[in-house]
Amino acid sequence: MSVKLYEKDVYLTECTSHVIGISQEKDHFLVLLDQTIFSPRAGGQPGDTGTIDGSPVISVFEKNEKIYHALSKAPKNKEVLCKINWANRLDMMQNHCGEHILSGIFFSEYHATNKGFHMGNDTITMDINMQNITDEILRKVENIANDVVYANLPVETNILKSVHEAGRYPLRKPLNVTEDIKIVTINGVDCVACCGTHPFRTGEVGIIKILKAENYKGMTRIYFKCGKRALEDYQIKHDSQMQLYQLFSANELNLMEKIKKEEQKNQEIKKQLLEIKDSIYETEVNKITEGFDRFYLHKYSFYDMNDLKRIAKKVSTTEDKFLTLISIPEKGVLLFHNGGFNIHCGNLIKEYAPDLGGKGGGSDKMAQAAFPSVEAIDKFLEKIDNKIR
Ligand SMILES: [Zn+2]
């Protein structure tokens, strides 16, 4: 059993250890050390990262009271220098301790329990067995959590000799271990059995920010970020906010109002554009209806697929025509008739488009497909030509 230095001092970033065992797995080596500063993955928290004898540590896990360090290269020396990635350890401690604080508040304020914790590179979530958590509740919990940070309370770990001793502690979750019991207490905030790494005081957690909440299996999944992660998140969001201010000549007080006004303006312009387009469509409709051929094919270098659909519908009210209309800018084909032809447009697309990289479909009277190139469209037209005439 290796000595767990990370339990004695979470701020230790380097140590010299002796290799007491190496075994080879498929593509990596599992190394056992006499003492380690690497905390293993546990309870939703990933293990430490860093190097052993210069080799990057892939993962750290505990099995049968032994701590295994997975490395891609076996250490050359018996005595090895171990270094943890401190930025990563601090990130884990900040967010894990933030989880303790948030869980403790949900428990004391709403008798709700944290049923699951996941800490990934991008997202951190906890599942609270409570439904209908409103924005007001989230804001209240967030404010109390940050007050706990400002109070800079000690985060204490007590190691118990037996399960019976646990009765002295106001645990928010029943014990699920019988040996090596560590109780982590933030006085008046949280008390729970936990074997993770924690900072000495709550002040080290930094900002606690709840990002969003969503329904999850009859519970609520809460996304949050703490410490440096929360600061980086703020920096990214602040940068994009500043760009929005510039774009809309706005500030934090009138940005939404300006966006809504702009949206209204856009809707009006779209309406006007549609009216103008409608009169232009008439010219196209006349060109189609002037000819005697019941089959009409045309490539448009300006219109998109929505334009083509509108043109087709205008034609269908007066004429029995089979239309093959092509939009060059969207590399799309529209097949259309008003029911006067025994041709299934959707089936033509389904049968001939996929082989040419085309994607789409539709009904018997109208179907459309988008192609990767104009050449693919030409090949498609060749293939369907003798099927429709
Ligand atoms: Zn913990």
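A residue counts as exposed if 12 or fewer other C-beta atoms lie within 10 Å of its own, and as buried if 20 or more do. Keep that cut-off in mind for the views below, which all come from a predicted model.

**View 1. His111 sits in the loop between H2 and E9.** With 10 C-beta neighbours inside 10 Å, His111 falls in the exposed class. His111 comes after H2, and its phi is positive, near 55°. This residue is not a glycine. For context, most residues other than glycine have a negative phi.

**View 2. Ser249 lies in the loop between H4 and helix H5 (255–290).** Here is another residue that is not a glycine but has a positive phi, this one of about 45°. Ser249 has 9 other C-beta atoms within 10 Å, so it is exposed.

**View 3. Four strands form an open sheet in the order E9-E10-E15-E14.** The pairing is antiparallel. Strand E9 (114–119) and strand E14 (208–216) are the edge strands, each pairing on one side only. From one strand to the next, the twist averages 20°. Zooming in on one pair, E14 and strand E15 (residues 219–226) run antiparallel and share 8 bridges. Within this part of the view, Ile210 stands opposite Phe224 in E15.

**View 4. Helix H2 (residues 86–110) packs on the sheet.** H2 touches E9, strand E10 (124–128), E14 and E15. The direction of H2 makes about 160° with that of E9. Of the 25 residues of H2, 18 are buried, so the helix is largely enclosed by the rest of the structure. Its length is a nice check, too: at 1.5 Å a residue, H2 should span 36 Å, and its end C-alpha atoms are 35 Å apart, which agrees.

**View 5. H2 also packs against helix H4 (residues 227–247).** Two packed helices are described by the angle between their axes and the distance between the axes. For H2 and H4, the angle is about 90° and the axes are 7 Å apart. That angle makes H2 roughly perpendicular to H4. At the contact, Asp91, Gln94 and Asn95 in H2 meet Gly227, Lys228 and Arg229 in H4.

**View 6. The domain assignment divides the protein chain into domain 1 (3–84), domain 2 (89–244) and domain 3 (274–388).** Stepping back from the close-ups, the C-alpha centres of domain 2 and domain 3 lie 58 Å apart.

Technical notes
Residues are numbered from 1 along each chain as its sequence is written. This is a predicted model: local features need pLDDT of at least 70, side-chain atom pairs count only at pLDDT 80 or more; totals for chains, interfaces and linings use all residues. Two strands pair if DSSP finds at least two bridges between them. Helices (H or I, at least four residues) and strands (E, at least two) are DSSP runs, numbered from the N terminus. Axes are lines fitted to C-alpha atoms, for helices over the stretch in contact, and angles run from 0 to 180 degrees between N-to-C directions. Two residues are in contact if their C-beta atoms, placed from the backbone, lie within 7 Å. The expected span of a helix is 1.5 Å times one less than its number of residues. Domain bounds come from an automatic or database domain assignment. Angles under 35 degrees count as roughly parallel, over 145 as roughly antiparallel, 65 to 115 as roughly perpendicular and the rest as oblique.
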